[in-house]
Structures are given as C-alpha cells and as structure tokens.
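Me: Hi! Could you walk me through the model I'm about to paste? I'll ask things as they come up.

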Amino acid sequence: MTLGERLRYGGLLAVSVVLGVFELFFLPLRLDGRVLPDLWSLPFPITAVLAAFTMPWLVVRASRIKARAVVAGGPLYIWLATLLAFIVVAPGGDSIVIADWRTLLLLAAGAFPATVKIGDVLAGTMKEAHERADH
C-alpha cells in the first residue's frame with residue numbers, strides 16, 4: 001500500500017473506533033421525554049441502525065484500498081475490539097454496556113452486514129483468481 005492508502009485506511013479504522021464508542025454511549029436512549037419525545041419510555045436503539053449502515057460502508061471503502069479480506073475486514077475487527085474493550089474495561093469502573101437485547105442487536109446489526117460484505121470481497125477475489133488461472 002502507498003502512504004496515501006495507509007493514511008486513508010488508518011482514517012477508516014479511526015472512524016470505526018469513534019463509531020463504536022458513539023454507538024455504545026447512545027445505545028441506552030429511551031423515548032422518555034428527556035432527550036426524545038415521551039412514548040411510554042420505550043427503548044430506542046437507533047445506534048444499531050447506524051451500525052447496520054456504517055459498518056458495511058466502511059468495509060466496502062476498505063476493500064477499495066486493497067481487495068483482501070484482512071484489509072476489508074479491518075474496520076469490523078477494530079469496531080468489535082472497541083465494543084469488547086468497553087465490555088471488559090469501563091472508564092471509571094462504570095458499566096457502559098447494558099446487559100439486554102439492545103447490546104445483542106447492536107452487535108448483530110453491525111457485524112452481520114459487514115461480514116456479508118467481507119464475503120463479497122472474498123468472492124470477488126476468488127473470481128479474479130479463477131479468471132487468471134483460466135487464461
């Protein structure tokens with residue numbers, strides 16, 4: 001990779017970390033009238049939707065830098081490591097991760113679509129390898 005590609009890739013990894021922290025901090029949002037409208041204090045895990053759209057996008061952007069599964073999956077791996085870091089070690093001893101269905105939803109919404117995109121990268125790489133072998 002060239003220096004410019006490394007810098008872009010580092011930027012994608014940094015965005016993955018920031019998104020992971022942001023999504024965890026705002027995961028406990030509720031429709032309780034404090035920040036959002038009051039609708040019977042229903043949970044509002046909008047950051048899971050954010051993860052569902054941003055993680056595959058970051059994987060696609062990383063795969064454009066280098067079409068290898070390790071490189072394309074970098075943003076997903078860093079995002080998962082960020083979530084794991086906050087699950088294991090919380091700043092100030094506080095628990096940031098809530099132990100309910102919203103955390104599982106966040107993990108699934110971020111990881112599943114990104115993993116599908118990594119599969120697309122692998123399929124494209126395999127297809128190119130077979131085409132080169134046929135010629």
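Me: Where does Leu 84 sit?
Reply: Leu 84 is in helix α4. Helices here are DSSP runs of H or I with at least four residues, strands are E runs of at least two, and both are numbered from the N terminus. One caution up front: this is a predicted model, where local features need pLDDT of at least 70 and side-chain atom pairs count only at pLDDT 80 or more, while totals for chains, interfaces and linings use all residues. Residues are numbered from 1 along each chain as its sequence is written, and side-chain values use heavy atoms, with hydrogens and water left out.

Me: Thanks! Is Leu 84 buried or exposed?
Reply: Leu 84 counts as exposed, because its relative accessibility is 52%. The cut-offs are under 20% relative accessible area for buried and over 50% for exposed, with partly exposed in between (1.4 Å probe, protein chains only).

Me: Which residues form a nonpolar patch with Leu 84?
Reply: Ile 87, Val 88 and Val 89 join Leu 84 in that surface patch, and together the four have about 400 Å² of accessible area. Patch members need over 30% relative accessible area and no salt bridge; nonpolar side chains (Val, Leu, Ile, Met, Phe, Trp, Tyr) are joined within 5 Å, like charges within 9 Å. The areas come from the Shrake-Rupley method with a 1.4 Å probe, and for residues only the protein chains shown count as cover.

Me: And which residues of α4 are buried?
Reply: Those are Gly 74, Pro 75, Leu 76, Trp 79, Thr 82, Leu 83 and Phe 86.

Me: Phe 86 caught my eye. How many aromatic pairs are there?
Reply: The count is one aromatic pair. It is Phe 25 with Phe 86: the ring centres are 6.0 Å apart and the planes are at 75 degrees, so the pair is edge-to-face. Phe 25 lies in helix α1 (residues 3–25) and Phe 86 in helix α4 (residues 74–88), so the pair ties together parts that are 61 residues apart in sequence. The rule pairs rings of Phe, Tyr and Trp (its six-membered ring) with centres within 6.5 Å; planes under 30 degrees apart are stacked, over 60 edge-to-face, and the rest tilted.

Me: How accessible are Phe 25 and Phe 86?
Reply: Phe 25 is partly exposed at 46% relative accessible area, whereas Phe 86 is buried at 17%.

Me: Switching topic: how many salt bridges are there?
Reply: Two. A salt bridge needs a side-chain nitrogen of Lys or Arg within 4 Å of a carboxyl oxygen of Asp or Glu. Arg 102 meets Asp 100 at 2.9 Å, N to O, and Lys 117 pairs with Asp 120 at 3.8 Å between the closest N and O atoms.

Me: Where do Lys 117 and Asp 120 lie?
Reply: Both are in helix α5 (residues 101–134), three residues apart, about one turn of the helix.

Me: How accessible are Arg 102 and Asp 100?
Reply: Arg 102 is buried, with 5% relative accessible area, while Asp 100 is partly exposed at 27%.

Me: Last one: what does Thr 54 touch?
Reply: Thr 54, in helix α2, is in contact with Leu 19 and Glu 23, leaving aside its neighbours within four places in sequence. Contact means heavy atoms within 4.5 Å. Thr 54 counts as buried, given its 15% relative accessibility.
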